[in-house]
There are 2 protein chains.
Amino acid sequence: MSVKIINVGEQILGANEEKAKENKKRLDKAGVLTINIMSSPGAGKTSLIMSTIKALGKKVRIAVIEGDVASSVDADKVNALGIPAVQINTAGGCHLEAGMVTKALDGLPLDKTDLLFIENVGNLICTNSYALGEDIRLMIASMPEGDDKPIKYPAMFADSDVIIISKIDLQPYLDFNEKAFLNVVNGLNPDVTIFPLSCKTGKGMDAWYKWLEAEVKNKKGK
Amino acid sequence: MSVKIINVGEQILGANEEKAKENKKRLDKAGVLTINIMSSPGAGKTSLIMSTIKALGKKVRIAVIEGDVASSVDADKVNALGIPAVQINTAGGCHLEAGMVTKALDGLPLDKTDLLFIENVGNLICTNSYALGEDIRLMIASMPEGDDKPIKYPAMFADSDVIIISKIDLQPYLDFNEKAFLNVVNGLNPDVTIFPLSCKTGKGMDAWYKWLEAEVKNKKGK
């Protein structure tokens, strides 16, 4: 399976919301649960996707759209697992936009897909301002980034449906005040679903998988 | 000493380069070595500044401009050390611009400053496109972010004068291939100066302080 690369350059924004609604309609019709994954660079977006493919890939038909400023290393990794993947290169753009996703959807077998991960560009600032057509907005906060991130990037934490606290295996070696972190997060976003986990050790992963499988079934049932 | 907060909102770009040159001229005249510090969120920009203030603050007169999407937590921390600090809040903007720095400079005692740190917004994508008037462009790559960041964010690594590899105390617990990382960095930027260090354990800090003191003296001598 070869990786498709779409070079979109820096697009003028335009009717992003409109295009996102069209994407959503198309994905709803195909019964595909779609998750927009956002985080800082290196927080573990690709690792979460890879672990989830390995755990659920035989039960759930997964496809992936990879967004990056440059390179196709992430799509290559996903592709090596036998999963359909489209790479979007934004050529310097800070975030994915709905129109880029529309093009990427053309390259995916939606009628054979239950779950679509859209890995956004690594950026805690603009990504959350652009709807892509997703059902779920998921952000990953990496524990080594520190407990003050919700104070410094409040919009991202406030807008997410799910927050994953990643790399919890490093907790013994960090000065991460989990209580302070959760206090601010709950203040910004009282209804958010939170999964602390480590893709490396597997700790906390089962709760994420279980929740995700239920969401996929729920979407199929609609 | 109270923290000054400048709310700039989302500005239209305009003549950034021109304003950066004006800032540079003003800082050159005052003999202030100016370092633009860029990184992902949570890579350790504020920690580097705080450690450097503690180590050199009695020998070198330091001032700080803090750039953040929201909050003044960083400027508050710096201010608590008795160091002049101005907070710029970009209100959602992804990067600092030269015009924001011009305003911030008005709030600092440049004639009593040897070294100015400008802590940019936590973002590996756009920040390097906007000159601020600095002498040195410094980026921090946090080891927990992974060794593939130079491939994924090449512009930032190619454009920096100095790269700090931070949080090296975590190396035993990470799968970070330092050789692979350095190979790509050297390919992108053969002349870059690299300091691997840990603000937590102090490892590698002396080389950074020594280099920095020499740069400050060099600037004063001009």
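## A cavity, a two-fold axis and aromatic pairs

The largest cavity has a volume of about 50 Å³. The model that holds this cavity is predicted. Rolling a probe the size of a water molecule over the atoms shows where empty space is left. In this structure, 1 cavity reaches 30 Å³ or more. Its lining is made of 14 residues. Nearest the centre of the cavity lie A:Ser142, A:Pro144 and A:Glu145, together with B:Ser142 and B:Glu145. The lining is mixed in character: 6 residues are nonpolar, 4 are polar and 4 are charged.

Residues of chain A and chain B both appear in that list. How are the two chains related? Two copies of a chain are related by a rotation about an axis and a shift along it. Here, chain B falls on chain A after a rotation of 180°, with 0.0 Å of shift along the axis. The RMSD of this superposition is 0.0 Å. The two copies are thus related as by a two-fold rotation axis. Now turn to the interface. Of the interface residues of chain B, 100% are also interface residues in chain A, so the copies meet through the same surface.

Next come the aromatic rings. Over all chains, a search of the whole structure finds 11 aromatic pairs. A pair of aromatic rings is described by the distance of the centres and the angle of the planes. Take A:Phe157 and A:Phe181: their centres are 5.9 Å apart, with 80° between the planes. This pair is edge-to-face, because planes over 60 degrees apart count as such. It links distant parts of the chain. A:Phe157 sits in helix α6 (residues 154–159) of chain A, and A:Phe181 in helix α7 (residues 178–188) of chain A. The two are 24 residues apart.

Are these two rings buried or exposed? A:Phe157 has 0% relative accessibility, so A:Phe157 counts as buried. A:Phe181 has a relative accessible area of 1% and is buried too. Both belong to one aromatic cluster, together with A:Phe176.

A second pair has another geometry. The ring centres of A:Trp208 and A:Trp211 are 5.9 Å apart and their planes lie at 20°, so this pair is stacked. Where do these residues sit in chain A? Both are in helix α8 (residues 205–221). They are 3 residues apart there, which means a separation of about one helical turn. A:Trp208 and A:Trp211 are both buried.

Notes. Residues are numbered from 1 along each chain as its sequence is written. Chains are lettered from A and ligands numbered from 1 in the order in which they are written. This is a predicted model: local features need pLDDT of at least 70, side-chain atom pairs count only at pLDDT 80 or more; totals for chains, interfaces and linings use all residues. Side-chain values use heavy atoms; hydrogens and water are left out. Copies are superposed by least squares on the C-alpha atoms of residues with pLDDT of at least 70 in both. Contact means heavy atoms within 4.5 Å. Rings of Phe, Tyr and Trp (its six-membered ring) pair if their centres lie within 6.5 Å; planes under 30 degrees apart count as stacked, over 60 as edge-to-face and the rest as tilted. Helices (H or I, at least four residues) and strands (E, at least two) are DSSP runs, numbered from the N terminus. Buried means under 20% relative accessible area, exposed over 50%, partly exposed in between (1.4 Å probe, protein chains only). On a 1 Å grid over the protein atoms alone, a cavity is a set of points where a 1.4 Å probe fits but cannot get out, and a pocket is an open set with protein on both sides within 12 Å along at least five of seven lines; lining residues have an atom within 4 Å of a point. Grid points are joined across faces, edges and corners, and a volume is the space filled by probe spheres set on the points. Ala, Val, Leu, Ile, Met, Phe, Trp, Tyr, Cys and Pro count as nonpolar, Asp, Glu, Lys and Arg as charged, and the others, Gly among them, as polar.
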